[in-house]
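Q: Could you take me through one part of this model closely, namely the salt bridges and the helices that carry them? I would enjoy a connected account.

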Amino acid sequence: MTLRNKLISSFSAILIFTVILGGFSIYQLNNVNLKSTELAVNWMPSIESILYLNMLTSDYRLTEFEHVLSTDDTEMKNAEEKGKMVMKNISHIRGRYDSLISSDDEQRLYDRFSELWNEYKLYHDELMEISKKNQFEAAMNHLRKSQEKFDEFSKILMELVQMNSESGKKASESGDVQYSFSRNFLIITLLVIIAAGIALALFITGSIIKQLGRDPEEVVQMVEKIGNGKIFAKFKVKKSGENESSIYRIMEKMTEKLQDVVTNIREVSDSVANASIKLSESVKNLSDGTNEQAASTEEISASMEELVSTVQQN
């Protein structure tokens, strides 16, 4: 595999791990957010509504006592107006709570409350008729009869509070579990990515060093020396298991070839120089012989001239 492909594969693997980790983190954060939203939007408002409804039903019963204890029409009318206002608030809270019911068990409990509440309102209407007639003892007896219904639906309201509280606790615990799982998963994944990154870095670095044969700085220094003509620079001793086809070793072989060429050129140059010297000596000797022969030729020529002159005179 080429260095380019190794780098692309390594960085692609790291990128894929990062994308997966990011996607999982977003997914888990969304789940935790859903649990917190469920607490804020469903369970807490449900508990608040039920507790408020329980308080309003108690206020409603108090208006009944006020009405029974009233001694004139004005006090009775004030108690009746308070009762109507409380009833209006009860209807409003019940309408809000209806949309917050999230399970069949909760719906069954609430339906039972509705049945008891409707029965209680019938007791209330009967009580108002008795109280308006200022029949105190009869009214008190009627209040004692309705107490059972009041206690029963109040108990159901508390059960609804407990049910929503437990559901909210479960949602919180589920959110805690998802948070713990997400945190542990992220930590483990980060450690895996870090380990993978270190392993890939060591692998790529080792691959580069294997191809270069030595540390890049050493290779650059040697290239600069050779480039500056220092072909007789000494290479470091080969390590055990070192790649023979590394750039460093190839440069070593190349310089050895260059050294052989330069040595041969020097030997040839020395041979040519020696031959030139010998040739120069031969030329000199030949020149000296030529000069001597020319002198001899002149002497012979002079002798011939003298002989010719003597012959002519005789």
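A: Happy to. Helices (H or I, at least four residues) are DSSP runs, numbered from the N terminus, just as strands (E, at least two) are, and the expected span of a helix is 1.5 Å times one less than its number of residues. The model is a predicted one, in which local features need pLDDT of at least 70, side-chain atom pairs count only at pLDDT 80 or more, and totals for chains, interfaces and linings use all residues. Residues are numbered from 1 along each chain as its sequence is written, and side-chain values use heavy atoms, leaving out hydrogens and water.

Let's warm up with helix H2 (residues 73-98): its 26 residues reach 37 Å from first C-alpha to last, close to the 38 Å expected. Among the buried residues of H2 (buried is under 20% relative accessible area, exposed over 50%, partly exposed in between, with a 1.4 Å probe and protein chains only) are Met 76, Gly 83, Ile 90 and Arg 94.

Now to the salt bridges, each a side-chain nitrogen of Lys or Arg within 4 Å of a carboxyl oxygen of Asp or Glu. Side chains of opposite charge can pair when their charged atoms come close. The whole structure has seven salt bridges. One of them joins Arg 61 to Glu 64, at 3.6 Å from N to O. These two residues are about one helical turn apart because they sit three residues from each other in helix H1 (residues 3-69). Arg 61 counts as buried because its relative accessible area is 4%, and Glu 64 is likewise buried, at 1%.

Helix H3 (104-132) offers another setting. Arg 108 pairs with Asp 105 in a salt bridge whose closest N and O atoms are 2.0 Å apart, and the two lie three residues apart in H3, about one turn of the helix. Here Arg 108 is exposed, with a relative accessible area of 52%, while Asp 105 is partly exposed at 42%.

Further along, Arg 112 forms a salt bridge with Glu 115, with 3.2 Å between the closest N and O atoms. They too are three residues apart in helix H3, so about one helical turn separates them. Arg 112 is partly exposed, at 32% relative accessibility, and so is Glu 115, with a relative accessible area of 43%. Through shared partners, salt bridges link Arg 112, Glu 115 and Glu 152 into one network.
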